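The following dialogue concerns how to read a ligand site and a helix pair. Please consult the sequence and the structure as the turns proceed.

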Amino acid sequence: MTTVPRVERLSAPAVRQLAKGAPPDAIDLGLGQPGWALPEPARQALAAAGAEEAPCPYGPNEGLPALVEAVADHHRTDPGQVLVTHGAQGALFALFQAHVNPGQRVLVPDPGFPGYRTLATLCGGEVVPYRLGPRGRLDPDALGHALQAAAADGDVAMVLLNHPSNPTGGGATAEALAEAAELAGRHGALVISDEVYRELHLGHPDRRQASLHDVTDEGVVVSSVSKAWAAPGLRVGWAVGRPDLLAPARLVHAAMTTAPARPSQLAAAALLRESATVLAESCSQLVRRWSVAQTAPHPVAAAVTPAGGFYHWLELPAWALADPMAFCLRLRDEGLVTVVPGSAFGNAGNDHVRISCGGDPRQLAEGLRRLDRFWRAP
Ligand SMILES: Cc1ncc(COP(=O)(O)O)c(C=O)c1O
């Protein structure tokens, strides 16, 4: 029997592929990252690190103590429950490698962040999609059915939750999270809650959506400074969970990276210490952008308020459904706007595109204005 090597089943993410061929004057509403300035505490920490006439040591594999403590404080837990990583992506990579064996099933949301499918493939795992509820919210019944079917013909290693969701912006209630954790536990699966968008929301701080660890001590929560702390280029993230769940992931992460970059960790620790002001500023930046998306020409305006994150999950016009990728290429090459086809997030995303509202608000307004005519007529 011949097998296809796992890496040969990988391809560059659609968002990157589309951006590469884009005309130089195209507006990029594809990549999901904050377009506002790196907050002052991080800038100061980076400048201070660069000004020191001192060695730049590796530091501990598990992250600098100051950052580990800052993450633990933020999650109201103790430092032994924290693994500092190279972005949330580093945390996910390490957790997948540590907890998914070849042939085991991994439940991923559909539509959902494409990275989960890639990471499962790299482990030799079997991807099992589960549907989200109306407006992309977590639907424990749909998850339960998918889990039951997956467990009937194999071992389920892991269940991925991601709320607020990329790409739908849909949230999850505390009850739904508790139910999902209970379902995963019943099937012996590790639940991972990817909460990178939880702190980046449009409402009052009390209205941010619940965390998995508000409802259970089980499972692992993953997050990073990339979205809400406006620092994707630092490449700092973390996983929070029981030490026995993190221990094998620590070994994988150390084997892959040794440790995250020291100046980045110092900057991330400064951002976390100043979370109250940094997060408030990020949320007001999001409010500004979202009001642009809401007041765009009617066919492309955002009608649904996300539970968090900066994604406008827009339904395609009927005439685009026959070939959504060709339509997105037209948007890019004729309309001069890059968006991500919903199919990049799974089959359930075929009839949508994802528009990132994270960038410059004027570019966002102009990009939506350019898209308008493609939604009005074929
Ligand atoms: C849902 C989700 N998880 C994880 C990541 C990776 O984030 P990081 O920059 O922290 O590696 C992203 C990035 O877009 C994301 O959307």
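The dialogue below takes the ligand first and the helices second.

Q: On what basis should the values be read?
A: This is a predicted model, in which local features need pLDDT of at least 70, side-chain atom pairs count only at pLDDT 80 or more, and totals for chains, interfaces and linings use all residues. Residues are numbered from 1 along each chain as its sequence is written, and side-chain values use heavy atoms, with hydrogens and water left out.

Q: How many residues surround the ligand?
A: A residue is near a molecule if one of its heavy atoms lies within 4 Å of it. Here 14 residues surround the ligand, the closest being Ala-88, Asp-194, Tyr-197, Ser-224 and Ser-226. Helix α4 (residues 87-99) contributes the largest share of this shell, 3 residues; helices are DSSP runs of H or I, at least four residues long, numbered from the N terminus.

Q: Which polar side-chain atoms lie 2.8 Å from an oxygen atom of the ligand?
A: A polar contact is a pair of N or O atoms within 3.5 Å. One polar side-chain atom at 2.8 Å from a ligand oxygen belongs to Asn-166, and another at 2.8 Å belongs to Arg-235.

Q: At what angle do α6 and α7 pack?
A: Axes are lines fitted to C-alpha atoms over the stretch in contact, and angles run from 0 to 180 degrees between N-to-C directions. Helix α6 (residues 140-152) and helix α7 (residues 174-186) pack at about 10°, with axes 9 Å apart. Therefore α6 is roughly parallel to α7, a term for angles under 35 degrees.

Note on methods
Helices (H or I, at least four residues) and strands (E, at least two) are DSSP runs, numbered from the N terminus. Angles under 35 degrees count as roughly parallel, over 145 as roughly antiparallel, 65 to 115 as roughly perpendicular and the rest as oblique. A polar contact is a pair of N or O atoms within 3.5 Å; within protein, one must be able to donate a hydrogen and the other to accept it, and residues adjacent in sequence count only if both atoms are side-chain atoms.
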